[in-house]
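Me: Could you take a close look at one spot in this protein for me, and then walk me through what's around it? I'm new to this, so please take it step by step.

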Amino acid sequence: MEIITSIEKMQKLSLKFKREGKKLGFIPTMGCLHEGHLSLVDLLVVKSDILILSIFVNPTQFVEGEDLEQYPRTFEEDVEKSKARGVDIIFAPKADEMYEFGFSTQISESNISNRLCGKSRPDHFNGVVTVCTKLFNICQPDFVSLGQKDAQQVAVLKKLVNDLNIPLSIEVGEIIREHDGLAMSSRNTYLNHDERKDALVLSKALDLAKSLVDSGCNKTNEIKEELGKLFKSVSCARVDYVEIVDSETMEFQRKVLSENSLLMLAVWINKVRLIDNRLL
Ligand code: AMP
C-alpha cells in the first residue's frame with residue numbers, strides 16, 4: 001500500500017491507471033477510521049482494480065466554533081487498518097496544498113443543503129461539496145462509497161454528481177453500529193462514560209419510532225411528539241432536530257409517512273453533536 005500526499009502525484013497516477021483501463025474505487029474520509037469507514041472499503045474492494053482512501057480533515061466543512069482543532073487524528077492506526085482491509089493507496093493531502101493561498105472557487109448545492117444539518121451548520125455542505133469535487137478530480141474514481149450514517153451528505157453528493165454530470169457511481173453503505181446500537185462515529189471519542197450511556201437515546205429513539213410505525217401510527221407529528229418526550233427524559237440531551245423526510249429528496253414530511261420516510265436525528269449530548277437516521 002502506498003501513501004501519497006502530493007496532489008500532482010495522486011492525479012498523475014489516477015490518470016495513468018485510467019489510461020490503462022483500470023477501475024478506480026474511492027472512499028473519502030476524515031480519518032480516525034472505524035468499522036463504519038472500513039465497511040465502505042469492503043463495498044468496493046472486489047470491484048476496484050485500485051482502491052483509494054483519502055484521509056483529509058477538511059477545514060472548510062467545519063463552521064466557526066466547531067471542533068476542527070480537536071478532531072481526532074490517528075494516522076498510523078488508520079494506515080494499518082486500511083492496509084489490512086485491502087486499500088491500495090491512502091491519499092492524505094495537506095490543507096495548504098488543497099487550499100493554496102488565493103483559493104477562491106466554491107461549489108454549492110442550494111436546495112437539499114439548506115435544511116437539517118445545513119441549517120445548524122451553515123456552509124458545512126458547501127465545504128463538503130467543494131472538497132469532494134476536488135477529490136473526485138484528483139482521484140478520478142469510477143466508484144465512490146458513502147455511508148448512510150450521513151444521509152443528507154449522501155443526498156447532496158448524489159445531487160452534485162447528477163447535476164454536474166460527474167462520471168462516477170455512488171454506492172451507499174449501511175450504518176455500522178456499536179454492539180449496543182450507538183452509530184459508530186469518530187466524534188464518539190469525545191463522550192465520557194456517562195455521556196456514552198446517554199448517547200444511546202438516539203438509537204432508542206429510532207427503535208421507538210419504528211415500533212410506533214409497526215403498531216399502526218403513520219402521523220409524522222405524533223411520532224415526533226413521542227420522540228420529543230424520550231429526549232426530554234435524558235437531562236444532557238438537547239435536540240437540534242428530529243425530522244421525518246423523504247429519503248431521496250430530503251423534503252420534510254409534515255403529515256403522514258410514505259414509502260421513503262426517513263427519520264433524521266441530530267442531538268447534542270452535552271457538547272457533542274451526534275446524528276443518526278433510520279428508514280421507517
Ligand atoms: P467521515 O470520516 O466522518 O467524514 O466519514 C467518511 C465516510 O464514512 C462517510 O461517507 C460517512 O458517512 C461514513 N461513515 C461514518 N460513520 C459511519 C458508520 N457508522 N457507518 C457507515 N458509514 C459511516
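Reply: Let's start with Ser186, which sits in the loop between β6 (169-173) and α8 (193-198). Keep in mind that what you're looking at is a predicted model. Is Ser186 buried or exposed? Its relative accessible area is 5% and the cut-off for buried is under 20%, so Ser186 counts as buried. Its side chain has a partner, too: a polar contact of 3.4 Å links it to the side chain of Tyr71.

The loop that holds Ser186 runs from β6 to α8, and by its number Met184 belongs on that stretch of chain as well, so let's go to the ligand next. Which residues come nearest to the ligand? There are 17 residues around it, and the nearest are Met30, His37, Asp150, Ile176 and Met184. Three of these meet the ligand through their backbones. For Met184, a polar backbone atom lies 2.9 Å from a ligand nitrogen. Ile176 also puts a backbone N or O atom 2.9 Å from a nitrogen of the ligand. With Met30, the ligand atom is an oxygen, and it's 2.9 Å from a polar backbone atom. How much of the ligand gets covered up? On its own the ligand would expose 490 Å², and the protein buries 92% of that.

Now, who builds this shell? The elements giving two or more residues are β2 (24-29), α2 (35-45) and β5 (143-147). Of the shell's residues, α2 supplies the largest share, namely 3. Sorted by character, the shell has 8 nonpolar, 6 polar and 3 charged residues.

Asp150, one of the nearest residues to the ligand, leads us on to helix α7, which covers residues 151-163. How far should α7 reach? Its 13 residues, at 1.5 Å a residue, should span 18 Å, and the end C-alpha atoms are indeed 18 Å apart, so the two agree. Plenty of α7 is tucked away: Ala151, Gln152, Val154, Ala155, Val156, Leu157, Leu160 and Val161 are its buried residues. A handy rule for reading such a list is that an α-helix has 3.6 residues a turn, so residues three or four places apart point the same way.

Next, a few backbone oddities. Just past α7, Asn165 takes a positive phi of about 50°. Gln140, in the loop between α6 (124-139) and β5, isn't a glycine either, yet its phi is positive at about 55°. Gln140 is partly exposed, with a relative accessible area of 23%. Then there's Met250, in the loop between β7 (237-246) and β8 (261-269). Its phi is near 65°, and at 0% relative accessibility Met250 is buried.

Finally, zoom out. The chain has 10 helices and 9 strands. Its radius of gyration is 19 Å, close to the 19 Å the globule rule gives for 280 residues, so the chain is as compact as a globular protein of that length. Its C-alpha trace spans about 55 × 40 × 40 Å along the principal axes, and 52% of the 280 residues count as buried. Ser186, where we began, is one of the buried residues.

Methods: Residues numbered from 1 in each chain as written. Predicted model: local features only at pLDDT ≥ 70, side-chain atom pairs only at ≥ 80, totals over all residues. Heavy atoms only, no water. Near = heavy atom within 4 Å. Polar contact = N/O pair within 3.5 Å; in protein donor to acceptor, adjacent residues only side chain to side chain. Areas by Shrake-Rupley, 256 points an atom, 1.4 Å probe, with all protein chains shown as cover. Helix = DSSP H or I, 4+ residues; strand = E, 2+ residues; numbered from the N terminus. Nonpolar A, V, L, I, M, F, W, Y, C, P; charged D, E, K, R; others polar. Expected span 1.5 Å × (residues − 1). Buried < 20%, exposed > 50% of the residue type's maximum accessible area, 1.4 Å probe, protein only. Rg over C-alpha atoms; globule rule 2.2 N^0.38 Å.
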